Amino acid sequence: MGTFKIEGGIQLKGDVTPQGAKNEALQILCAVLVTPEKVTINNIPDIIDVNKLITLLGNLGVKIQKNGPGSITFQADEVNVGYLETEAFKKEGGSLRGSIMIVGPLLARFGKGYIPKPGGDKIGRRRLDTHFEGFINLGAKFRYEREDHFYGVETKGRLKGTSMLLDEASVTGTANIVMAAVLAEGITTVYNAACEPYLQQLCKMLNSMGAKITGVSSNLLTIEGVEKLGGCEHRILPDMIEIGSWIGLAAMTRSEITIKNVSWENLGVIPSVFRKLGITLEKKGDDIYIPAHTKGYTVKTDIDGSILTIADAPWPGFTPDLLSIVLVVATQANGDVLIHQKMFESRLFFVDKLIDMGAKIMLCDPHRAVVMGHNFQSQLKATTMSSPDIRAGISLLIAALSAKGTSTIQNIEQIDRGYERIDERLRALGANIVRL
């Protein structure tokens with residue numbers, strides 16, 4: 001396993017351009033399976049999870065042509081559906097949670113879709129029920145091999161459009177159902193659908209291929225099925241989670257950083273949440289400018305003077321992927337913050353590592369932590385730690401960059417799953433970080 005060695009306490013400065021969005025890429029790449037025609041995707045992030053999915057598509061028989069950095073043309077005209085029942089696929093598909101989204105397009109186009117129990121972050125139970133209940137509503141038959149943890153859905157003939165109310169606004173579940181419904185016979189309505197910008201991007205891409213999806217950006221999608229879809233060219237949005245990570249890093253290290261081409265209209269409440277922590281963000285065109293917070297940042301209390309609470313929620317609420325970043329940034333704020341992680345039960349368990357570094361955090365239960373900020377009166381101490389998941393890993397990296405002394409972070413493959421060449425990009429800003 002790889003390790004980062006970081007000398008903390010260095011102010012950074014410069015411009016950084018966010019990578020393409022990981023969570024959008026995983027949906028968009030699966031969507032190339034809905035058509036036999038060529039699909040060109042631009043701004044693909046070069047990260048472990050995305051590269052694993054591209055390899056999986058290649059093993060399924062999808063033709064892959066690299067056009068240049070971040071640009072690939074896919075053609076799924078000779079898909080080998082039999083690969084889904086091989087031992088190689090069971091091992092490969094099980095290592096990546098995003099692989100679940102190949103099931104919808106394969107089911108719609110070829111009448112069958114299988115997947116082993118997917119992997120990904122160890123952040124608690126993440127249900128697959130929404131995906132498969134949606135497929136069953138469209139007329140598919142479900143099968144589950146308990147010993148192998150192998151899931152499957154099959155249909156004879158085309159899927160049938162229907163109305164459904166999702167039991168949760170699952171992003172990947174909505175994406176999977178939409179990719180199945182675009183080729184179904186008749187009209188499908190999906191209520192309580194996820195409406196994140198990345199899901200909107202998927203719908204826009206499918207519409208450009210000939211799909212008929214209305215209600216995009218709302219939680220009620222109407223999909224009129226078509227018999228076939230054509231090719232297209234699509235560009236992935238900048239990654240809002242990485243943008244939030246750079247904001248948090250700039251504040252914690254009191255650095256002057258400009259984040260370029262952030263697509264402000266797709267950031268939702270992210271800027272306002274960081275402003276509640278007292279962080280100054282300036283909109284300059286489509287860039288975010290963060291000045292050096294040499295005097296620190298003061299938390300805004302609620303209107304009645306009570307402690308600020310930051311909680312996650314489905315879009316347009318605050319994304320759970322940034323709560324870890326907010327938590328670490330709060331450790332040096334002037335004021336106290338209650339972090340309430342509602343959507344996953346294990347994402348706060350990395351706080352013991354921050355406590356070891358000198359942070360004042362009280363973990364109330366698996367979902368809530370109270371952070372009492374140091375206001376930079378006491379610097380975090382360098383230590384040795386391990387990255388448990390992508391977002392906790394980047395949070396620990398931010399803590400190490402702000403800490404006094406030299407820290408080491410092990411298991412950095414977790415960070416590489418979601419952040420492209422993070423060490424190189426940090427060095428370009430002046431950080432002292434080495435990959436061992």
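Is Tyr83 buried or exposed? Select Tyr83 and take a look: this is a predicted model, and in it Tyr83 counts as buried, at 11% relative accessibility. Now add Phe89, which is buried too, with a relative accessible area of 0%. The two rings make an edge-to-face aromatic pair, 5.8 Å centre to centre with 65 degrees between the planes. A search of the whole structure turns up six aromatic pairs.

Next, pick Phe132 and Tyr151. Their ring centres are 5.4 Å apart and the planes sit at 15 degrees, so this pair is stacked. Phe132 belongs to helix α5 (residues 129-137) and Tyr151 to strand β8 (residues 150-154), so the pair ties together parts 19 residues apart in sequence. Phe132 is buried at 5% relative accessibility, and Tyr151 is buried at 14%. Add Phe135, Phe142 and Tyr144 to your selection, and you have one aromatic cluster together with Phe132 and Tyr151.

While you're around there, show Arg143: it lies over the face of Tyr114, 4.6 Å from the ring centre. For another such stop, jump to Arg254, whose charged end sits over the ring of Phe376, 4.0 Å from its centre.

Now switch to cartoon for a sheet. Four strands form an open, mixed sheet in the order β9-β10-β12-β11. Its edges are β9 (163-165) and β11 (212-214), each pairing on one side only, and the twist averages 15 degrees from one strand to the next. Colour β10 (residues 187-191) and β12 (residues 220-224): they pair antiparallel over five bridges, with Thr189 opposite Thr222 in β12. Finally, bring in helix α7 (residues 197-208), which lies across β11 and β12 and runs at about 145 degrees to β11.

How values were computed
Residues are numbered from 1 along each chain as its sequence is written. This is a predicted model: local features need pLDDT of at least 70, side-chain atom pairs count only at pLDDT 80 or more; totals for chains, interfaces and linings use all residues. Side-chain values use heavy atoms; hydrogens and water are left out. Two strands pair if DSSP finds at least two bridges between them. Helices (H or I, at least four residues) and strands (E, at least two) are DSSP runs, numbered from the N terminus. Axes are lines fitted to C-alpha atoms, for helices over the stretch in contact, and angles run from 0 to 180 degrees between N-to-C directions. Contact means heavy atoms within 4.5 Å. Rings of Phe, Tyr and Trp (its six-membered ring) pair if their centres lie within 6.5 Å; planes under 30 degrees apart count as stacked, over 60 as edge-to-face and the rest as tilted. Buried means under 20% relative accessible area, exposed over 50%, partly exposed in between (1.4 Å probe, protein chains only). A charge sits over a ring if NZ of Lys or CZ of Arg is within 6 Å of the ring centre and within 35 degrees of the ring normal.
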